[in-house]
Amino acid sequence: MSRERGINEKLRGGVFHDGLPSIIAAAHELKSPLALVRQLSLMLESGDISDSEAKRMLRQISLTSEKALRLTSDLTRSARLEDAMFNVEPINPQQLCEDIVHELSPLFRAHGRNVQLTQRKHPLLLIANRDLLRRIIMNFSDNALNYAGTDSTVRIQINAINSGKTIRLGVRDYGPALSSDMWRTLRSKLASSPQSVHARPQSSGLGLYIASQFAEAMNGSIGAIRHHDGATFYVDLHASSQLSLL
Amino acid sequence: MKTKVLVVEDDKWLAEQHERVLKTDYEVKVSFSAISAIGDIDDFHPDVIILDVLLAGNTAFTLLNELKSHSDIGSIPIILCTNLASDIEMSDVSHYGVKRILDKSLMEPGDLVGAVRSVT
C-alpha cells in the first residue's frame, strides 16, 4: 500500500462499524462546524472587529450551530430507528419541499447560494413518514450546499418515474463534476447501502448513510446521478394511489 | 512587499476567517478546491500555502503530488490546517514540503500567523 493511500484510508477508515455509524464518524462530522464556531468566537472575543463584521460572524455562528444540531438530531433518530414507531402516510412532497426551501434559504443566502423548488403543475402524493422524508431532503440539501458553486442555485425536484409507481425527490447541485473514480465508488456503495457512502472526499459519508437508513425504513432507496456540472442525490419512494381514487 | 499566502480551504466561512486573521500581515488569496489551487499557484505565486486535507473534489494529496512534480513550485512551504491533525504524522507528509501541521479544532486564531512566520 502506498504511503499516501495508507494515510487516506487511515483518515477515512473506521468510519462505520457493524453497519452502524461509529462515534468516530459522528465526531468527524461535528468537528468541522464546532471548529468554525470556536474560531469565530475567539475572534469575536479579541474585540478588534467592526460592528458589521461582528454581526456577520454571529450569523455564521448561529447558522453553523443549527446545521450541527440537525446532524445530532439525525444521529439520534437514526440510532432509535428500529425501536421507534413511526407512521407512513400519503404526503404531498411539494408542500414539504416548499417548507424546506423556506427553512434553508437563510443558510444558502449566507453562503452566497440559492435553493429553489422546481414547481410542478400536477400534484403528486407519495407514501412516507413526514419527519424522515424531511430529514433526507434537508440532508441532501446540506450536502449540495457544500458542493454547489458560488452564486449557483440548488434545485429540489419532484418527478414521477417507473410509470408513476415511484416518486423521486432529487436535490441537484451545480458544482465540480464527480471524478470517474469517485463516481464508481459512490455507485457501488449506493448499490449496497446501507453502509459507508463517501459522497465526497471531505465527507465521512455519515449524512448519506443516515439518509439511506431513513429511506430504507420507508421502503425506499437513495441514489445519485452524475452530471458534467454537479450531481443529483435522490430518494425514491412509493407513490400513493390516493390521488387516482379521487 | 508582503509575503503571499494561499489558503486552500473548501469551507467558505472558515476560509474567510483565515483570511481575516492573515490579511493584516500578509497578502492572501483563497482557493476552494485542490484543482482551483493549482491554477491559483501559477497566477498568485504564493510564498506559503495553507492547506486543508479533506477538500471538495480531491483531497490535499492531489495538490501535494502536483506540487512535488514541479521543481519550481515544489519548494513552497506548506502548512496543513486540518481537523485530522492527530491522524497525520509529520514523517508521512514532510517529503511533500509540509513544514507544519495545525489542528483546526485546537488552534487559536493567532496560531495561523505564527505558523506562517515560522516557515518564511
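Two strands pair if DSSP finds at least two bridges between them. The views below come from a predicted model.

**Figure 1. Strands β8(A) and β9(A) form an antiparallel pair.**
Seven bridges link β8(A) to β9(A). Ile222(A) faces Val235(A), a residue of β9(A). Helix α7(A) packs on the sheet here and touches β8 and β9 of chain A. The direction of α7(A) makes about 130 degrees with that of β8(A).

**Figure 2. The open sheet of chain A has five strands and mixed pairing.**
The strand order is β4-β6-β7-β9-β8. At the edges lie β4 (114-117) and β8 (221-227) of chain A, and each of them pairs on one side only. On average, neighbouring strands of this sheet are turned by 20 degrees against each other, direction ignored. Helix α4(A) packs on the sheet and touches β4, β6 and β7 of chain A. Its direction makes about 170 degrees with that of β4(A). For context, the whole of chain A has eight helices and nine strands. Of its 246 residues, 37% are buried. Contacts in chain A between residues at least 6 apart in sequence join residues at least 24 apart in 69% of cases.

**Figure 3. The largest nonpolar core holds 41 residues.**
Ile136(A), Ile137(A) and Ala211(A) touch the most other members of this core. Several elements of chain A each supply at least two of its residues: α2 (23-46), α4 (93-110), β5 (126-128), α5 (130-147), β6 (153-161), β7 (166-174), α7 (206-217) and β9 (230-238). Helix α5(A) gives the largest share, nine residues. Ile136(A) has contacts beyond its neighbours within four places in sequence: Ala211(A), Phe214(A), Ala215(A) and Val235(A). Another core, of 34 residues, lies apart from this one. Among its members are Val5(B), Leu6(B), Ile49(B) and Val98(B).

**Figure 4. Chain B alternates strands and helices along its sequence.**
From the N terminus, the elements run β-α-β-α-β-α-β-α-β-α. The radius of gyration of chain B is 13 Å, close to the 14 Å that the globule rule gives for 120 residues, so chain B is as compact as a globular protein of that length. Five helices and five strands make up its secondary structure. Along the principal axes, the C-alpha atoms fill a box of roughly 35 × 30 × 25 Å. Buried residues account for 45% of the 120 residues. Among contacts in chain B with a separation of 6 or more, 52% involve residues 24 or more positions apart.

**Figure 5. The open sheet of chain B is built from five strands in parallel pairing.**
The order is β2-β1-β3-β4-β5. The edge strands, β2 (27-31) and β5 (98-103) of chain B, each pair on one side only. Neighbouring strands here are turned by 20 degrees against each other on average, direction ignored. Strand β1(B) runs parallel to β3(B), and four bridges join them. Val8(B) has Leu51(B), in β3(B), as its bridge partner. Three bridges connect β3(B) with β4(B), also in the parallel sense. There, Ile49(B) is the bridge partner of Ile78(B) in β4(B). Strand β4 (residues 78-82) of chain B runs parallel to β5(B), with five bridges between them. Cys81(B) has Leu102(B) of β5(B) as its bridge partner.

**Figure 6. Strand β3(B) is covered on both faces.**
Val48(B) and Ile50(B) are buried on one side. Ile49(B) and Leu51(B) are buried on the other.

**Figure 7. The buried residues of helix α1(B) pack against elements of chains A and B.**
Helix α1 (residues 12-22) of chain B has these buried residues: Trp13(B), Leu14(B), Gln17(B), His18(B), Val21(B) and Leu22(B). In chain A, they pack against α2 and α3 (51-79). In chain B, they pack against β1 (4-8), β2, β3 (48-51) and α5 (109-119).

**Figure 8. Helix α3(B) carries buried residues on one side.**
In α3 (residues 60-68) of chain B, Ala60(B), Phe61(B), Leu63(B), Leu64(B) and Leu67(B) are buried. These residues lie on the same side of α3(B) because they cover an arc of only 160 degrees around the axis.

Notes:
Residues numbered from 1 in each chain as written. Chains lettered and ligands numbered in written order. Predicted model: local features only at pLDDT ≥ 70, side-chain atom pairs only at ≥ 80, totals over all residues. Buried ≥ 20, exposed ≤ 12 C-beta atoms within 10 Å, placed from the backbone. Arc of directions from axis to C-beta. Contact = placed C-beta atoms within 7 Å. Rg over C-alpha atoms; globule rule 2.2 N^0.38 Å. Axes fitted to C-alpha atoms, helices over the stretch in contact; angles between N-to-C directions. Core = buried A, V, L, I, M, F, W, Y, C linked by C-beta atoms within 7 Å.
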